[in-house]
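Hello,

Please find the structure below. My notes on it follow.

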2 protein chains.
Amino acid sequence: MHQANPLHRLLNPQSIATVGAGNNPMKMGTMQALSIIKDGFQGNFYPIHPKEEYVLGHKAYHRVDALPETPEVAVFIVPTDQVVSLMEEFGKIGTKYAIVITAGFRETGEEGMKLEEQLKEVANKYEMRFLGPNCIGVLNSQASLNITVMSFDQEPGMLGMASQSGTYITQSFNYLRRRGIRFSKAISVGNEASIDLVDALEYLGEDEDTRAISLYVEGIRDGDRFMKVASKITPHKPVLAQYVGGSEAGARAGSSHTGSMAGPDYLYDGLFKQAGIIRVNSVEDLYGHGWALATQPPLKGKRVAVVTNSGGPGTSMANTLNEGGMEIPEFSSGLRAQLKEIIPPHAASGNPVDITFHIDTQTLIHHIPKTILQSGEIDGMVLHGAMGTGFLREIYPHVKDFLQGLTEEEFVQRYKQEQGESLNLHQKHGLPFLVSSFFDARDNYTEEYQKNNVPVYDSPEKTAWAMLALNKYREIREGKDFSTPEVPPVSSEASKIVQEALESGQTSLDEYQSKKILRCYGVPVATEELTSSVEEAVKIAENVGYPVVLKGCSPELMHKTETGAVQLNLNNQEEVISAFHRIRNSAGEVPVLVSKMIKSEREFMGGMTRFPGFGPVVMGGLGGIFTEALQDTAFRVAPFNLAEAQEMLFDLKSHRMLKEFRHLPAVDINAMGQIFQAIGTVGLLHPEIKEIDINPILFDGAKPIAVDALMVL
Amino acid sequence: MHQANPLHRLLNPQSIATVGAGNNPMKMGTMQALSIIKDGFQGNFYPIHPKEEYVLGHKAYHRVDALPETPEVAVFIVPTDQVVSLMEEFGKIGTKYAIVITAGFRETGEEGMKLEEQLKEVANKYEMRFLGPNCIGVLNSQASLNITVMSFDQEPGMLGMASQSGTYITQSFNYLRRRGIRFSKAISVGNEASIDLVDALEYLGEDEDTRAISLYVEGIRDGDRFMKVASKITPHKPVLAQYVGGSEAGARAGSSHTGSMAGPDYLYDGLFKQAGIIRVNSVEDLYGHGWALATQPPLKGKRVAVVTNSGGPGTSMANTLNEGGMEIPEFSSGLRAQLKEIIPPHAASGNPVDITFHIDTQTLIHHIPKTILQSGEIDGMVLHGAMGTGFLREIYPHVKDFLQGLTEEEFVQRYKQEQGESLNLHQKHGLPFLVSSFFDARDNYTEEYQKNNVPVYDSPEKTAWAMLALNKYREIREGKDFSTPEVPPVSSEASKIVQEALESGQTSLDEYQSKKILRCYGVPVATEELTSSVEEAVKIAENVGYPVVLKGCSPELMHKTETGAVQLNLNNQEEVISAFHRIRNSAGEVPVLVSKMIKSEREFMGGMTRFPGFGPVVMGGLGGIFTEALQDTAFRVAPFNLAEAQEMLFDLKSHRMLKEFRHLPAVDINAMGQIFQAIGTVGLLHPEIKEIDINPILFDGAKPIAVDALMVL
C-alpha cells in the first residue's frame with residue numbers, strides 16, 4: 001500500500017501549534033515562532049505557554065487540550081524530558097504531524113536512544129509522523145512557511161534541500177541570499193526517528209516547484225529504499241549529495257551529531273553512482289551546483305563557449321572544463337569573422353573570446369554572447385568579467401576629483417549600464433549560461449544576473465565546475481539505464497549446499513562449494529572435480545585436459561598459495577601424482593580439487609559484503625597481486641541491471657585492460673557484468689552468506705572464469 | 001655574476017613617468033596614473049602628454065627628452081606601434097626600468113612576436129629591464145605604490161603574488177578586500193619579454209614582508225631556473241602555484257593570452273612537487289590557502305581541534321581533515337572534563353566540540369578555544385559558527401516589534417559582543433587557527449577576525465582545505481630533502497656509443513647499445529651478450545646460466561614481443577638453438593642478444609623525455625602490461641637527489657608493491673632511485689639522446705634490473 005508522504009501535509013499545514021515559544025525574542029523557541037508569524041504563514045497559529053496569556057500577539061493556551069481546534073502540525077522547542085508527554089497530548093487531540101526541534105536523544109548515547117524509542121512508540125500509537133528530534137525545522141518558500149530560527153525574506157525558489165544538519169537550511173540563509181540561491185523547500189531531518197532523509201527526498205522529487213535536489217548526508221539507514229526512491233527521481237530531476245561519514249573522524253562526529261550510522265566512503269560512492277546522484281564534496285557545491293541545475297536549461301552536448309574580458313579567468317575556465325571532459329571548440333571561420341566585427345582588433349576570437357580589459361561592457365555581456373548563442377556551435381556558455389557598479393565604486397576614490405562633485409551614488413547611476421535582453425538570451429536559445437565575477441551582488445550586473453536566475457560564481461574555476469555538474473547530469477539523463485533489474489529464482493541446489501554446510505557447522509564454504517553455488521547462478525568456473533584419491537586425481541586431470549591445477553580444498557584452508565596447497569601448471573600424470581602428495585604433506589588429509597589450468601595475463605576479482613540497511617554490496621576490481629596494492633575497486637548495491645554492472649567496470653581505472661589490449665582480445669563485458677550480477681543474486685537469495693570473495697577472475701580469451709572463490713557464512 | 005633582481009628598483013622607484021595617461025578618468029591609462037598619484041606614491045611623478053599642459057594636476061611634458069630628470073620607471077599605456085620608439089626614447093635619457101601595459105605583441109601571432117623582439121633589442125641596447133608587454137602593472141603595499149587600474153585602499157599585507165594574468169592582481173581587489181586578504185607585493189608579468197615569472201618569484205622570495213607566495217602559471221619558459229629559484233625559497237617560505245596550461249584548451253587559451261608555451265600537466269605537477277611548491281587548482285585557493293600560509297604560525301603536527309556550534313559543519317570539517325590525512329584526536333578525559341564545565345549538558349565534548357545552536361557566543365569563540373589551546377593536545381584549530389552582528393541583522397526583522405523602537409543599528413550595537421583576547425589566543429600559543437562562517441565581513445566577528453589576520457572561509461570544507469594546505473607545507477618543510485644533487489662525470493664509453501650510432505646514421509640505439517650506456521651510469525642490467533652465431537649463443541647461455549632469453553636486437557626492431565623476436569624462458573641447449581632460428585626466421589639476419597632470464601611478479605618502468613626550457617624529464621611508473629592501462633606514473637626534472645627519486649616512487653599509486661608484498665621482499669628503494677637518477681644523468685650528459693624508455697624494470701629479489709631499454713636519438 002502506498003502511504004502518502006507525510007511531508008505534503010507537514011509543509012502545507014492549515015494550523016500550527018508551538019510549545020516553547022514565549023515573548024523573549026532572544027530565545028530559540030520564540031525565534032522559531034516569529035519565523036512562522038512574520039514570514040507569511042496564512043493558517044492559524046496557536047502558542048502553548050504555561051503562563052502567558054498572549055505570545056507574540058497571539059492568544060496563548062496553557063494546555064494542549066485547551067486548544068480551540070486540532071492543530072495540523074505541532075512544533076516542540078522544550079526541554080528534552082517534556083517531549084514524550086507532549087507528543088502524547090497532541091496525539092490525544094488528533095494532531096498527526098510534529099516537528100521536534102529539541103535535542104538530547106539518540107545522539108547523546110544509550111539513555112537518549114531509549115527516550116527516542118519511547119517517542120516513536122507514542123507517535124506510532126497515535127499514527128503521528130514527525131521530523132526530528134534534534135532538527136531545525138522546515139521551509140516552504142512557495143507557501144511562505146518558515147519554521148526555522150532565522151528570517152527568510154526571499155522570493156520562492158527552485159532548489160530543494162534535505163539535510164541531516166539544520167545549519168545548512170538556516171545559518172546559511174544570509175550566505176544563500178548573497179548568492180541569489182533560493183530554496184523551494186528545505187527540510188532538516190535531525191535524528192530521523194520518524195520522517196527520514198528518504199521521505200524528504202521522495203517529497204522533493206514529487207514537488208513540482210523543486211527543480212533540483214541537494215542532500216547533506218551523514219549516514220543513510222535504509223539504503224535500499226534510498227536507492228529505489230532516488231532512482232525514480234534522477235532520470236527527470238537532478239539530485240546532488242554530499243557524504244561526510246566516510247572517515248573515522250567523520251563517522252564519529254556524525255554519530256554524536258544525529259546518532260547517524262555511517263558506512264565506508266566507497267559504499268556511498270557506489271550508491272550515489274548507481275542511483276544517478278551527482279556527488280559533491282562541499283556544501284558550497286551542494287548549493288552552487290544545485291542552483292545551476294535548478295535554474296539552467298538542460299545541457300544538450302559538451303561544447304562550451306568561454307567569453308571573458310581577461311585572459312587568466314578565460315584560460316582557467318577553458319582548462320578546467322577541458323580537463324573535466326568538456327570541449328572548448330575553436331569557432332568556425334564564419335563565426336570568428338562575425339565576432340571580429342564587434343571585438344577590439346587584438347582580441348582573441350577563437351574560443352575563449354577574450355576582449356581584454358574594457359570599460360564598455362555591452363560588447364562583453366551582450367553582443368558577443370548573442371552572436372555565439374545564435375551560431376549553433378555550442379551547448380553552453382560561461383562568462384567572466386561583467387563588472388558594473390562594483391567596478392565604478394572601485395575607481396570612484398580615484399576619479400572623484402574629476403566629477404564636479406558627483407557623489408559615489410550619482411557617479412554610479414550616471415555610468416552604470418543595463419543588461420537588458422542579455423539576461424535572458426540564453427533561455428531563449430535553451431542553453432545554460434553561468435557567470436564568473438569577482439564582484440558580489442553589490443555590483444548591479446551580479447545582482448541582476450542573480451535576480452534572473454543566472455548563477456554567478458566568485459571564481460572562474462567554480463563557474464567551470466558548475467558547468468561540469470550540468471554535464472554530469474546530462475550524462476546521467478542521456479546515458480544511464482534505469483531499467484529495473486530482474487532477480488532470478490532461488491536455486492534449490494545452492495540452497496542445499498548452504499543448508500548442509502550450516503548443519504555440519506561450517507562457518508565458511510570451501511572453494512568447491514562456493515564455486516558450485518556460483519555455477520548455479522551462471523558464473524563460469526573452471527572445469528573441475530573434487531577427489532580424495534590420487535588415482536582419481538589423475539583420471540580427472542586426463543578428463544579436463546592438461547595442464548591442470550591441484551588445490552587442497554577445505555573451509556579451514558586459508559592462504560592456500562603460501563602454504564603449498566596450490567600446485568599450478570601440471571602437465572602430465574607424474575606431475576599430478578607428485579603434486580597430490582605435496583598437498584597432502586603440507587595441508588593434511590584434505591580433499592583435492594583438480595581443475596583445468598587457465599593462463600591469463602589479466603586478473604580481476606569480484607566480491608560481496610553486507611552493511612545494515614543495504615542490500616548485498618557487490619565489489620568488482622583489479623585482482624591478483626594488484627588487489628591490495630592498487631585498490632582499484634567499484635561498488636554497487638544488489639540488485640542492479642546489466643548496464644549498471646558494466647558501469648561498475650568503467651569506474652575502474654584499469655577498465656582500459658578490458659578492451660583489446662596488446663595481443664589480448666577484448667573481454668566479454670556482458671559476461672563480466674553477469675558475474676557481478678550473479679554475486680549480487682547470491683547475496684540477495686542466500687542471506688546466510690555474509691561475504692563472497694572471487695579472486696582471481698581470469699580470462700580464457702574473451703571469456704571470464706572464476707578461478708578461486710570463498711564464501712563466509 | 002649575480003645580477004640584482006630588477007624588481008627591487010621597479011617596485012621602489014624614486015620617480016615614475018607615464019605615457020598614455022591624460023585627463024579623462026575613464027581611460028585605462030589615466031586610471032593607472034591615478035592609482036600612482038592617489039594611493040600614496042611619495043616620489044616624483046611625470047606624465048608625458050602630447051598636448052596637455054597638466055595631467056591630473058601634475059605638470060605634463062610633451063616629449064620624453066623634455067623631462068626635468070631621468071625617471072627611474074617608465075609606464076607605457078599607448079598604442080602598440082608606439083611602444084618600441086618610446087622605449088628607445090627612455091633608453092636614451094637613461095631610464096632603466098619600464099612597465100609596458102600595452103598589448104598586441106607575441107600573444108597575437110607572428111607580427112606581434114617580431115615587434116616584441118624589437119622591443120627586447122632596444123631594451124637590451126640600453127640595459128633596460130621591463131615588465132610586460134601586455135601586463136597590468138604592480139603593487140607594493142609596503143611602499144604604498146599602486147600601478148594598476150584599480151584603487152587599493154588596504155593596509156600593507158603579507159601575501160606575495162606573481163601572475164601571468166593581470167586580472168588576478170587588480171579585478172580581484174574587491175574580492176580580496178571582502179576576505180581580508182592583503183598583498184605585500186603583486187606583480188603582473190604579462191608576456192615576460194624581459195622580466196619573467198621567475199624573476200618575480202625570486203624577488204618575492206627575498207622580500208621580507210612577503211610571508212607566502214602565490215603563482216598563477218600558464219607556462220614557464222625557463223623550467224631549470226624556476227626550479228633553482230623555487231627550491232631556495234620553499235624550505236623557509238611557502239609557495240603555491242596554479243597551472244592552467246595542461247589541457248588542449250588551456251594551452252590554446254594561454255597562448256592567445258600571453259603567448260605562453262604550455263607543457264603537459266604531468267610535467268608541471270612533477271616540477272611543483274620537486275620544488276616543494278603546493279599545487280592548487282583554483283585562484284580561490286591561490287588566495288585563500290596563500291593567506292592561511294602567510295598569516296598563521298607554522299603547523300607543528302597534524303592534530304586538529306574542531307570547534308563548532310553546529311553538527312553539520314563540524315562533521316564535515318572533521319571528515320575533510322581526516323580524509324586529507326590529518327587527525328581529529330579524541331580529547332583526553334581530563335580535557336573533556338574541563339570542557340564539560342563550560343558547555344551545555346547535551347553538547348559533544350570529544351572533538352569535534354559541538355555546543356549546538358547558542359545565542360551566547362562567548363563560550364564558542366573564547367572559553368572553549370582557550371581551554372583546548374592550553375591543553376597541548378592539538379596542533380591547530382578550526383572553528384565554525386561565530387555569528388555576531390550578521391546574525392543579529394538576520395533576526396532583526398522578526399524581533400523588532402519587541403525592541404521598543406530600537407533601529408537595526410541600535411539593536412546590533414546593544415547585543416553585539418566583542419571578541420577580546422580570543423582573537424589572538426592562538427598566536428600566543430603559536431598554533432594556526434582558521435575560521436568558517438556563512439557570514440561575510442558585515443558580521444563583526446568575521447570583520448574582526450579578518451582584521452587580526454585570522455582567515456575566515458565561507459564554508460566548512462574550505463576551512464579544512466586551508467588547514468590541509470598548512471599541513472602540506474609542514475610536510476615539505478619538515479620532510480623534504482633539498483640537498484643539491486650531484487651529477488657524475490660523463491662516461492667516455494657512453495659518448496663513444498652515441499657518437500658511433502650517430503655516425504652510422506642510426507636514429508635510435510638498439511637494446512644492447514642502450515643498456516650498455518645505462519650500465520656506464522650504474523644501472524643494473526641483466527647479464528647478456530650479443531652474437532650472430534647460434535653456437536656462440538649456446539655458449540653465452542651456458543655462461544650466464546639457464547633459463548635465458550633470446551632477443552633479436554636491431555634499432556629497426558620495434559614491438560619485439562609481438563613479432564616473435566623475443567623468446568623467453570629457454571632452459572637448455574636445444575631450446576636456445578631452436579629459439580635462435582625462430583628469431584632469424586621472423587626478424588631476419590639480426591644480431592641476437594642472449595640474456596639471463598629474470599622472473600618477476602612486479603614490473604616497473606623508467607623513461608626520459610625533453611621539453612624546451614626544462615632539463616631532462618624523468619618518468620617512473622608501473623610497467624609491463626599495466627603501463628598504458630593504469631598510467632601510474634611520476635615525473636621529475638633532472639638533476640635531482642636520491643631522496644627526490646624516492647619521492648617519485650611514493651607518488652605512484654602502486655608504491656605499496658615496493659614494500660614487502662605477499663611472499664616478495666621489499667624492493668631496494670635506493671637502487672630504484674639510483675636508476676631514475678641515472679636516467680636523468682644520461683639525459684643531462686648526452687643531449688643527443690632525445691628519449692629513453694626502460695620497460696620493464698624487473699626484480700631479482702629486492703634488486704631492480706633494467707630488462708629492456710631503448711633510446712631515441
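A salt bridge here is a side-chain nitrogen of Lys or Arg within 4 Å of a carboxyl oxygen of Asp or Glu. Asp196(B) and Arg225(B) meet that criterion, with N to O at 3.6 Å. Please bear in mind that this is a predicted model.

Asp196(B) sits in the loop between β11 (183-188) and α6 (197-206) of chain B, and Arg225(B) in helix α7 (residues 223-233) of chain B, so this salt bridge ties together parts that are 29 residues apart in sequence. Asp196(B) counts as buried because its relative accessibility is 13%. Arg225(B), at 25%, is partly exposed.

Other salt bridges

Over all chains, the structure holds 80 salt bridges. Two within chain A are described here.

Arg279(A) pairs with Asp265(A), and their closest N and O atoms are 2.8 Å apart. Strand β14 (residues 278-280) of chain A carries Arg279(A), and helix α9 (residues 265-275) of chain A carries Asp265(A), so the pair ties together parts that are 14 residues apart in sequence. Arg279(A) counts as partly exposed, at 23% relative accessibility.

Glu528(A) pairs with Lys515(A), again with the closest N and O atoms 2.8 Å apart. Here the link runs between strand β21 (residues 528-531) of chain A, which holds Glu528(A), and helix α20 (residues 511-520) of chain A, which holds Lys515(A); the two parts are 13 residues apart in sequence. Both ends of this salt bridge count as buried: Glu528(A) has 7% relative accessibility, and Lys515(A) has 0%.

There is also a network of salt bridges with members from both chains. It links Arg179(A), Glu284(A), Asp458(A) and Lys462(A) with Arg179(B), Glu284(B), Asp458(B) and Lys462(B).

The two chains together

How are chain A and chain B related? A rotation of 180 degrees with 0.0 Å of shift along its axis superposes chain A on chain B, with an RMSD of 0.1 Å. The two copies are therefore related as by a two-fold rotation axis. Within chain A, Leu630(A) has the C-alpha nearest the axis, at 4.8 Å from it. The same surface serves both copies, as 99% of the contact residues of chain A recur in chain B.

The contact involves 112 residues of chain A and 112 residues of chain B. Between them the chains bury about 9100 Å², and 60% of this is on carbon and sulfur atoms.

Between chain A and chain B there are 12 salt bridges. One of the pairs across the interface is Asp401(A) with Lys38(B), at 2.2 Å from N to O. Polar contacts between the chains come to 52 residue pairs, both residues being at pLDDT 80 or more. Helix α11 (residues 311-323) of chain A gives the largest share of the side of chain A that touches chain B, with 9 residues. By class, that side has 46 nonpolar, 40 polar and 26 charged residues.

Chain A on its own

Chain A has 25 helices and 30 strands. Its C-alpha trace spans about 110 × 80 × 40 Å along the principal axes. Of its 713 residues, 63% count as buried. Among contacts in chain A with a separation of 6 or more, 71% are between residues 24 or more positions apart.

Gln646(A) is one of the residues I looked at individually. Helix α24 (residues 642-651) of chain A contains Gln646(A), which counts as buried at 18% relative accessibility. Leaving aside residues up to four places away in sequence, Gln646(A) touches Ile669(A) and Asn670(A).

Backbone geometry

Which peptide bonds are cis? Among them is the bond from Asn351(A) to Pro352(A), with omega near 0 degrees. Pro352(A) is in the loop between α12 (333-340) and β16 (353-354) of chain A. Another cis bond joins Tyr546(A) and Pro547(A), with omega about -5 degrees. Pro547(A) is in the loop between α21 (534-544) and β22 (548-552) of chain A.

Positive phi values occur at non-glycine residues, including Ser144(A), where phi is near 50 degrees. Ser144(A) is in the loop between β8 (138-140) and β9 (145-147) of chain A, and counts as partly exposed at 33% relative accessibility. Asn569(B), also not a glycine, has a positive phi of about 60 degrees. Asn569(B) lies in strand β23 (residues 566-570) of chain B and counts as partly exposed, at 31% relative accessibility.

Regards

How values were computed:
Residues numbered from 1 in each chain as written. Chains lettered and ligands numbered in written order. Predicted model: local features only at pLDDT ≥ 70, side-chain atom pairs only at ≥ 80, totals over all residues. Heavy atoms only, no water. Least-squares fit on C-alpha atoms with pLDDT ≥ 70 in both. Contact = heavy atoms within 4.5 Å. Buried area = accessible area lost by both parts, 1.4 Å probe. Polar contact = N/O pair within 3.5 Å; in protein donor to acceptor, adjacent residues only side chain to side chain. Helix = DSSP H or I, 4+ residues; strand = E, 2+ residues; numbered from the N terminus. Nonpolar A, V, L, I, M, F, W, Y, C, P; charged D, E, K, R; others polar. Buried < 20%, exposed > 50% of the residue type's maximum accessible area, 1.4 Å probe, protein only.
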